[in-house]
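Dear colleague,

I am passing this structure on to you, and below it I have set out what was found in it. Please keep it open beside the text as you read.

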Amino acid sequence: MKNSQKEAFMVRALQLAKKAIGKTSPNPMVGAVIVKKGKIVGEGYHKQAGKAHAEVEAIKKAGKNARGADMFVSLEPCCHHGKTPPCVDAILSAGLKKVYVGMTDPNKLVNRKGIGVLRKQGVEVEVGILKEECERLNESFAKFIQTKTPFVIMKSGISLDGKIATSSGESQWITCEKSRKLVHEMRGEADAILVGSGTVLKDDPRLTARLNNRKLRNPIRVILDRRNRIKVAAKVFENAGTDKVIYVTSLKLSKGKEKRLRDMGVDILIFPEDDKSFKLKTLMKELGRRDIVSVLLEGGGLLNASALKENIVDKAILFVAPIIIGGEKAPSFIGGQGIQKLKDAVRLKKVEAKKIEDDLIIEGYF
């Protein structure tokens with residue numbers, strides 16, 4: 001089979017996997033395609049944690065046509081018992097001849113072991129078809145399964161001179177409507193959204209995922225408020241009983257406020273009052289223990305600066321509007337003292353840029 005054909009079938013597997021964006025956590029997104037005599041005879045994707053894996057779905061669709069056929073799967077088939085049986089068993093039972101794997105599974109329970117089982121039983125396996133594309137799709141899962149901490153994306157809407165608001169505090173709206181819609185899609189894809197008290201006090205946001213044409217899953221709202229400044233009536237606490245809210249505060253929280261928040265369904269995390277004792281890395285470990293795989297950081301300049309200083313951010317997505325705000329007192333998306341020497345500057349890697357109307361979207365990795 002030509003490389004172009006292999007890539008085309010893997011592209012289809014990735015298209016299927018993407019149908020489950022925002023739905024499979026803490027599991028990865030996986031798509032599978034079964035091909036016989038150059039034609040697709042079965043396909044499937046992992047729809048939700050606990051449900052059948054992509055390989056099993058594709059084998060069901062293919063039926064008897066699976067025997068002697070090839071499978072294209074975006075992630076290495078599992079070989080251990082979890083909520084579902086091992087996919088390698090289903091592949092062997094179906095009589096597939098060859099399996100093309102996009103990327104190996106970073107989970108140590110599976111990593112190259114699934115491939116090893118298949119090869120030992122006489123199934124040919126080829127690894128690395130559209131490897132980078134497959135890895136990018138599950139970059140959050142890859143970090144989480146290896147570190148037990150979430151993949152953190154720093155998102156910000158800024159002017160050309162890096163401002164997130166005017167000196168008077170006006171920030172709505174710096175970017176265009178299409179950019180704002182894309183942000184809501186990002187919220188629907190993330191497990192959690194993280195902001196500080198300054199953002200809540202200034203904008204009183206709901207931090208939900210909202211699009212007029214389709215329903216999105218709301219992320220868990222994680223609110224940092226060490227000085228206990230946010231009022232119980234803030235919009236961010238609305239519907240806490242159904243759309244989870246984690247309120248991170250200090251021992252200064254009064255018993256009365258704590259009871260009211262808990263009665264509303266708010267999950268409260270109390271950290272020491274001393275700033276030196278409060279670490280975002282500690283919070284990330286706690287979120288990881290709660291199976292939160294990805295976090296969208298929509299903080300102000302101080303929170304963003306702290307996140308970079310503690311090295312918890314994996315990726316940046318900046319929506320840059322073609323406007324200049326100016327002013328020494330206008331807040332920038334990175335606050336704090338900053339660096340003294342250019343050699344210490346934080347540099348993004350694998351940088352990509354694209355336009356959306358007149359805005360520029362810049363993505364890169366730390």
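In this model, which is a predicted one, strand S9 (residues 245-250) and S10 run parallel and are joined by five bridges. One pair in that arrangement is Tyr247, whose bridge partner in S10 is Ile268.

These two strands belong to an open sheet of nine strands, in the order S10-S9-S8-S7-S11-S6-S12-S14-S13, with mixed pairing. Strand S10 (267-271) and strand S13 (349-356) stand at its edges with a single partner strand each, so one side of each has no neighbour in the sheet. On average, and ignoring direction, neighbouring strands of this sheet are turned by 20° against each other.

Within the sheet, S11 (residues 294-297) has a partner on either side, as the order of the strands shows. Strand S6 (residues 151-158) runs parallel to S11 and is joined to it by four bridges, with Val152 standing opposite Val295. Strand S7 (residues 192-196) also pairs with S11 in the parallel sense, here over three bridges, and Leu194 stands opposite Leu297. In a regular strand, side chains alternate between the two faces of the sheet. Both faces of S11 are covered, since Ser294 and Leu296 on one side are buried, as are Val295 and Leu297 on the other.

Helix H7 (residues 177-189) lies across S6, S7, S11, S13, strand S12 (315-320) and strand S14 (359-365), and its direction is at about 160° to that of S12.

Turning to another pair of elements, the axes of helix H3 (residues 87-94) and helix H4 (residues 113-120) come within 10 Å and cross at roughly 20°, which means that H3 is roughly parallel to H4. The crossing of H3 past H4 is right-handed. Where the two helices meet, H3 contributes Val88, Ile91 and Leu92, while H4 contributes Gly114, Val117 and Leu118. Sorted by class, this contact of H3 with H4 holds five nonpolar residues, one polar residue and no charged ones.

Finally, where does Ala20 lie? Ala20 is in the loop between helix H1 (3-17) and strand S1 (31-36), and with a relative accessible area of 0% it is buried, because the cut-off for that word is under 20%. Leaving out residues up to four places away in sequence, Ala20 touches Met29, Tyr45, His46 and Lys47. Of these contacts, Tyr45 is 25 residues from Ala20 along the chain, yet their C-alpha atoms are separated by 7.7 Å.

With best regards

Terms used
Residues numbered from 1 in each chain as written. Predicted model: local features only at pLDDT ≥ 70, side-chain atom pairs only at ≥ 80, totals over all residues. Heavy atoms only, no water. Buried < 20%, exposed > 50% of the residue type's maximum accessible area, 1.4 Å probe, protein only. Pairing = 2+ DSSP bridges. Axes fitted to C-alpha atoms, helices over the stretch in contact; angles between N-to-C directions. Contact = heavy atoms within 4.5 Å. Parallel < 35°, antiparallel > 145°, perpendicular 65-115°, else oblique. Left-handed = near helix turned anticlockwise from the far one by under 90°. Nonpolar A, V, L, I, M, F, W, Y, C, P; charged D, E, K, R; others polar.
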